[in-house]
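Here's a quick walk through one chain, from its outside to its cores and then to a few individual residues. Have the model open and follow along.

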Amino acid sequence: MSRAAVLCGLGGSLPERIVSNEELAEQLDTSDRWIRTRTGIGQRHVVAPGQSTSDLAVAAGAQALASARATAGEAGDGVDLVDLVVLATSTPDRPCPATAPDVAHRLGLGHVPSFDVSAVCTGFVYALATAASMITAGIAGRALVIGADTFSTILDPADRTTRAIFGDGAGAVVLRAGDSGEPGALLGFDLGSDGSGADLITVRAGGSRQRSVPGPAAEGEEFFTMDGRPVFTRAVLDMSRSSQSLLERVGWSAAEVDKVVAHQANIRILNAVGEQLGLEEKQIVANLDRVGNTVAASIPLALRDAVAGGELQPGHRVLLTGFGGGLTWGSAALVWPELETGRPHR
């Protein structure tokens with residue numbers, strides 16, 4: 001057996017405030033039916049004033065650490081449980097510095113290496129691959145990988161499309177060094193990007209390109225925008241291709257996969273990816289009806305819900321796949337391990 005990164009802890013966190021479709025309909029030209037028909041989303045969680053990405057990341061990270069300790073039968077407060085923190089986010093607390101060091105500090109993890117990864121909705125898969133690579137290379141022994149975003153803070157309040165889709169949240173896993181033959185071992189990754197599509201999913205203001213030009217940003221450029229039709233097409237195409245490439249690499253057929261946990265963009269994209277891969281509905285995990293599109297948090301939160309609901313069981317062959325701004329995409333595969341996860345998130 002070769003050295004591998006093994007998933008051994010899982011956690012998640014959502015803000016307390018729930019915004020229903022009916023509440024949005026009171027503010028915007030929309031309706032519950034319009035939103036559900038186009039996205040499959042019924043509600044989303046939104047941060048309270050003063051609540052940030054790091055707050056959700058700390059809560060999710062603490063739960064994942066507790067899960068890892070319980071799974072391993074360890075006692076203690078979590079200090080020295082991990083020696084690496086990788087945070088996937090596109091909504092950091094500040095443009096500079098990275099948010100991960102603050103998260104590590106607040107979790108009491110000492111002076112471990114900590115950094116952010118920015119790949120929008122593919123961020124968690126990229127962060128997972130980064131941490132797993134550092135473990136297999138012997139640089140780290142255990143890693144906390146978090147996906148956290150608060151997209152409600154960068155949405156145009158008057159944009160009914162983006163406000164209907166996105167919610168806030170954080171999800172996290174703990175990885176440890178192990179061998180490739182044990183449950184939970186990450187068996188492979190497929191990653192890619194296409195910068196020619198950078199303008200399809202973007203926030204135009206706030207970076208060096210906009211700030212290098214004298215004067216304020218143009219009106220509305222501080223908000224997130226997305227060109228829905230081409231994004232839909234590329235998301236289906238790239239997640240399907242990435243998934244198929246990885247399945248061939250690990251020697252699984254689509255029929256042999258028990259659960260596919262894809263980025264929770266909208267229900268039509270999930271269904272279209274399933275059709276492209278020849279999957280049955282029971283193979284696809286979906287929780288976006290309750291939390292919306294939580295960006296980098298969507299895959300770990302979907303895993304957390306699937307475990308809590310009994311949908312995801314030890315021994316299941318699991319395919320993770322995501323697509324996001326950049327453009328970026330990526331997939332990962334593992335056999336699901338036995339985990340102690342405690343109480344489910346909200």
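## Surface and charge

The accessible surface of this predicted model adds up to about 14400 Å², and 49% of that belongs to carbon and sulfur atoms. On the charged side, there are 28 positive and 39 negative side chains, with the centres of the two sets 2 Å apart.

## Overall build

Count up the secondary structure and you get 11 helices and 13 strands. The radius of gyration is 19 Å, close to the 20 Å that the globule rule gives for 346 residues, so the chain is as compact as a globular protein of that length. Along the principal axes, the C-alpha trace spans about 55 × 45 × 35 Å.

Buried residues make up 54% of the 346 in the chain. As for how the chain meets itself, take the contacts between residues at least 6 apart in sequence: 78% of them join residues at least 24 apart.

## The two cores

In soluble globular proteins, nonpolar side chains tend to be buried together. Here the largest nonpolar core has 44 residues, and Phe151, Phe166, Ile201, Phe224, Met239, Ile269 and Phe323 have the most contacts inside it. Which elements give two or more residues to this core? They are the helices H2 (32–39), H6 (160–165), H8 (228–250) and H9 (267–277), together with strands S11 (259–262), S12 (317–324) and S13 (328–335). H8 hands over the largest share, 6 residues.

Ile269 is a good place to zoom in: setting aside residues up to four places away in sequence, Ile269 touches Phe232, Ala235, Val236 and Met239. There's also a second, separate core of 38 residues, with Val117, Val261, Ala302 and Ala332 among them.

## Helix H11

Is helix H11 largely enclosed or exposed? Of its 11 residues (298–308), 10 are buried, so H11 is largely enclosed by the rest of the structure. The buried set runs through Ser298, Ile299, Pro300, Leu301, Ala302, Leu303, Arg304, Asp305, Ala306 and Val307, so to speak a mixed bag that includes Arg304 and Asp305. After H11 comes Gly310, which has a positive phi, near 80°.

## Three buried residues

Start with Ser54, which sits in helix H3 (residues 53–72). Its relative accessibility is 1%, so Ser54 counts as buried. Beyond its neighbours within four places in sequence, Ser54 is in contact with Asp93, Thr99, Asp102, Val103 and Arg106.

Next is Ile41, in the loop between H2 and strand S3 (43–46). Ile41 counts as buried too, at 0% relative accessibility. Not counting residues up to four places away in sequence, Ile41 touches Asn21, Ile35, Arg36, Ala164, Ile165, Leu288, Asp289, Gly292 and Asn293. The C-alpha atoms of Ile41 and Ile267 are separated by 7.9 Å, though their positions lie 226 residues apart along the chain.

Leu200 is in a loop as well, the one between strand S8 (186–193) and strand S9 (201–203). With buried meaning under 20% relative accessible area, Leu200 makes the cut at 19%. Again leaving out residues up to four places away, Leu200 touches Thr225, Met226, Asp227, Pro230, Val231 and Leu327. From Leu200 to Val231 is 31 residues in sequence and 6.7 Å in space, C-alpha to C-alpha.

Note on methods
Residues numbered from 1 in each chain as written. Predicted model: local features only at pLDDT ≥ 70, side-chain atom pairs only at ≥ 80, totals over all residues. Heavy atoms only, no water. Helix = DSSP H or I, 4+ residues; strand = E, 2+ residues; numbered from the N terminus. Rg over C-alpha atoms; globule rule 2.2 N^0.38 Å. Buried < 20%, exposed > 50% of the residue type's maximum accessible area, 1.4 Å probe, protein only. Contact = heavy atoms within 4.5 Å. Areas by Shrake-Rupley, 256 points an atom, 1.4 Å probe, with all protein chains shown as cover. Lys, Arg positive; Asp, Glu negative; His and termini not counted. Charge placed at Lys NZ, Arg CZ, Asp CG, Glu CD. Core = buried A, V, L, I, M, F, W, Y, C linked by side-chain atoms within 4.5 Å.
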